[in-house]
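Colleague: I'd like to learn how to read a structure like this one. Could you walk me through it, feature by feature?

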Amino acid sequence: MTYIALTIGPIYKTLSSAKKTRELWGGSYLFSYVMKQIILQFKEREFVVPYIKDENIFKAGNEVGLFHDRFIFESKEGDRETLDEVVDEVLHNLSTDIKINYDFLKNYLQINIVEKELKEGANPILELTPYLDTAELFLTVFQYQDNPLAKVLKGNNSFLSKDAFGEKKSFPSLPLIALHDMLKEKPEIKDLLNYDEEESIYENRDYDFRNYHKYYAIVHADGDSMGKVVESLKSKEDFQGFSKKLFEYCSASHDIIKSYGGETIFAGGDDLLFFAPVVSGEKTIFSLCDEISEDFNKRFEGTDATLSFGISIQYHKFPLYEALEKSRALLFGKAKSGEKNNIAFSVTKHSGQTFGSVIHKGDKELYENFKLFSSNISGGEGIDNFLHSLHHKIESNKVVLAEISNSKEKLQNFFDNYFNKEVHDELYREFFEQLVDFMIEAYKHEDKEKALDVIYSTLRFIKFVQGDKA
C-alpha cells in the first residue's frame with residue numbers, strides 16, 4: 001500500500017510574532033484553511049489522519065481551525081503529481097483572496113510531501129512520521145523586513161473570519177476575554193472597549209473591576225503517551241477510530257472552552273491552544289482544564305493516554321508573544337517532563353512577581369483536593385490581610401507543619417490556635433478544613449520542598465482571585 005503524507009509550516013514561527021489576539025488566531029487559522037483546501041480535493045481517498053468522514057469539518061462556521069499541520073492518506077497512481085498541482089492552485093487562490101504575492105506565499109508556507117510504499121500491515125503513522133519530522137527540521141525560516149502576511153494578519157482578517165464564523169467577525173481582544181464574567185452582568189462594557197486602546201476600560205471608575213479582570217490565561221494542551229496509542233493500532237478500523245476520537249475531542253474541547261468564556265486559537269490532533277478568563281462564574285481556569293481533561297480521558301479510556309497543560313496567566317499589557325512562549329515552555333518544559341499528566345501553571349503579576357507550580361493529575365487525592373481548594377474564589381472583606389497572614393504563618397512554621405503533616409487533628413489544632421478569633425470561625429471554617437485536607441495530601445505525595453511549593457502557589461492563586469490588591 002502506498003501512502004502520501006504532507007506537513008506545512010512554519011506555524012509556531014508565525015504565531016510567535018503576533019502582538020494581538022486577532023493576529024494569533026488568524027495565523028493559526030490560515031494554516032488550517034490551507035490544509036482544508038488541499039484535503040478537499042482528495043476527500044474521496046482513505047485518510048489515516050485527520051478524520052474527514054464527518055462533512056461538517058469542511059463547512060464554514062466551525063470557528064476554529066480543526067486541521068492540524070499534517071495529513072496521511074492512501075494514495076493511488078498519479079496522486080503525487082496531482083497533489084503538487086492542487087497545492088499550487090490552493091496557494092494561487094489564497095494569494096488572490098488575501099492579496100499577497102504568490103511567490104511570497106509559496107516560499108513562506110513551506111509544504112513538504114512524502115510518498116512511500118509500505119508493507120502490508122505496516123503502521124503508516126509510525127512509518128511516515130520520522131520522514132515528516134526530518135522535513136520539518138530543514139524548514140527555512142525567512143526573515144522579512146516587510147512581511148506582507150504580517151500586515152494581513154494585523155488587519156481584520158475578513159476573508160479568514162468569514163470562513164471560520166460564516167461572517168466577518170473580529171476576534172475578541174484580551175480585555176474582552178478577561179472580563180467575560182463581568183460582561184454577563186454588564187454587557188454595556190463591551191461598547192466602551194476600543195480595540196486599539198483596549199486597556200482604557202480599566203480606567204473607568206463606574207465599574208468595580210476585580211484584580212483578576214486585568215489578567216488572562218493562555219493555555220497549551222497536549223496528549224501524553226500518544227505514541228503508545230499509535231503503536232497499538234493495527235487495522236484500518238483502528239486508525240479510523242483513533243482519528244475520529246481526536247476529531248471529536250477537538251470539537252468538544254472548543255465547545256467546552258466557548259461555554260466557559262474562552263476563545264480557541266487552535267484545536268487539531270491532540271493539541272489545543274486557547275485563551276480564557278482566569279475566572280468564569282464559579283469556575284476557575286483549573287476547572288476548565290479539568291473538564292477538557294475528563295473529556296479526553298473518556299475518549300481514550302483503557303489506554304495510557306493522558307493530557308497535560310501549560311497555563312500562563314499574564315497581565316493584559318504583557319507582550320502576547322512572550323505569554324505564548326511561556327505557556328509553551330510550561331507545557332513542554334514542566335508539565336510533560338517526568339510522570340507527565342500534569343498541570344503546570346504560572347502567574348506573572350503586574351509588578352513582575354511570578355509564582356506557580358506543577359500539579360500531577362495522576363495523584364487522585366491530591367488533585368481532587370487541589371481542585372476543591374483552588375476554587376475558593378468567593379472572597380470577602382479583609383481577605384487580602386487574612387491570606388497574607390496565613391501565608392506568613394505557614395512560612396514561619398514550615399518545619400513544625402511538615403512534622404505534623406500526617407495528622408489532620410494536629411494540623412487543625414495548629415490553625416485553630418493561631419486563627420482563633422470569632423471572625424475566623426464564622427468566615428473561614430470550611431476554608432481551613434479544605435486547607436488541612438489539601439496540606440495532608442500535598443505532603444503525602446511530594447517531598448517537603450515540593451509540598452510547600454504547591455501549597456504556597458495555590459494559596460497565592462486564591463489570594464490573586466479573591467483579593468483586591470495587585
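Colleague: Let's start with helix α3. How many residues apart are Asp84 and Arg80 there?

Modeller: They sit 4 residues apart, about one turn of helix α3. Keep in mind that this is a predicted model. Side chains of opposite charge can pair when their charged atoms come close. Here Asp84 and Arg80 form a salt bridge, with 2.7 Å from N to O. Asp84 is partly exposed at 39% relative accessible area, and Arg80 is partly exposed too, at 23%.

Colleague: Which parts of the chain does the salt bridge of Asp224 and Lys336 tie together?

Modeller: That pair meets at 2.7 Å, N to O. Asp224 belongs to strand β5, while Lys336 is in the loop between α14 (320-335) and β11 (342-348), so the bridge connects parts 112 residues apart in sequence. Asp222 joins in as well, as Asp222, Asp224 and Lys336 make up a network of salt bridges.

Colleague: Is Asp224 buried or exposed?

Modeller: Buried means under 20% relative accessible area. Asp224 has 0%, so it counts as buried. Lys336 is buried as well, because its value is 14%.

Colleague: And how many salt bridges does the whole structure have?

Modeller: The search finds 21. Another one of them links Lys53 and Glu46, at 3.9 Å from N to O. Lys53 is exposed at 51% relative accessibility, whereas Glu46 is partly exposed at 28%.

Colleague: What about charges without a partner? Which residues form the negative surface patch?

Modeller: For a patch, look for exposed-enough residues that have no salt bridge and carry like charges within 9 Å of one another. In this model Glu77, Glu81, Glu85 and Glu115 form a negative one. Take Glu85: you'll find it in helix α3 (residues 79-97), and at 55% relative accessibility it is exposed.

Colleague: Which side chain does Ser75 touch in a polar contact?

Modeller: That would be Glu115, a member of the patch, whose side chain makes a 3.4 Å polar contact with the side chain of Ser75. Ser75 itself is in the loop between β3 (70-74) and α3 and is buried, at 10% relative accessible area.

Colleague: Can a side chain also pair up with the backbone? What lies 2.7 Å from a polar atom of the Thr21 side chain?

Modeller: The backbone oxygen of Pro172 does. Thr21 is in helix α2 (residues 21-40), and with 2% relative accessible area it is buried.

Colleague: Now the backbone itself. Where are cis peptide bonds found?

Modeller: Check omega: a cis bond has a value around zero, as the two cases here show. Gly9 and Pro10 are joined by one with omega of about -5 degrees, and Pro10 is in the loop between β1 (2-9) and α1 (11-15). Val49 and Pro50 share another, with omega about 0 degrees. Pro50 falls in the loop between β2 (47-49) and β3.

Colleague: And phi? Which residue other than glycine has a positive phi of about 75 degrees?

Modeller: Glu63 does. Like Pro50, it belongs to the loop between β2 and β3, and it is buried at 17% relative accessible area. Ser225 also has a positive phi, near 60 degrees. Look for Ser225 in the loop between β5 (215-224) and α11 (226-231), where it is partly exposed at 24% relative accessibility.

Note on methods. Residues are numbered from 1 along each chain as its sequence is written. This is a predicted model: local features need pLDDT of at least 70, side-chain atom pairs count only at pLDDT 80 or more; totals for chains, interfaces and linings use all residues. Side-chain values use heavy atoms; hydrogens and water are left out. Patches are made of residues with over 30% relative accessible area and no salt bridge: like charges are joined within 9 Å, nonpolar side chains (Val, Leu, Ile, Met, Phe, Trp, Tyr) within 5 Å. Accessible areas come from the Shrake-Rupley method with a 1.4 Å probe; for residues, only the protein chains shown count as cover. A salt bridge is a side-chain nitrogen of Lys or Arg within 4 Å of a carboxyl oxygen of Asp or Glu. Lys and Arg count as positive and Asp and Glu as negative; His and the chain ends are not counted. The place of a charge is taken as NZ of Lys, CZ of Arg, CG of Asp or CD of Glu. Helices (H or I, at least four residues) and strands (E, at least two) are DSSP runs, numbered from the N terminus. Buried means under 20% relative accessible area, exposed over 50%, partly exposed in between (1.4 Å probe, protein chains only). A polar contact is a pair of N or O atoms within 3.5 Å; within protein, one must be able to donate a hydrogen and the other to accept it, and residues adjacent in sequence count only if both atoms are side-chain atoms.
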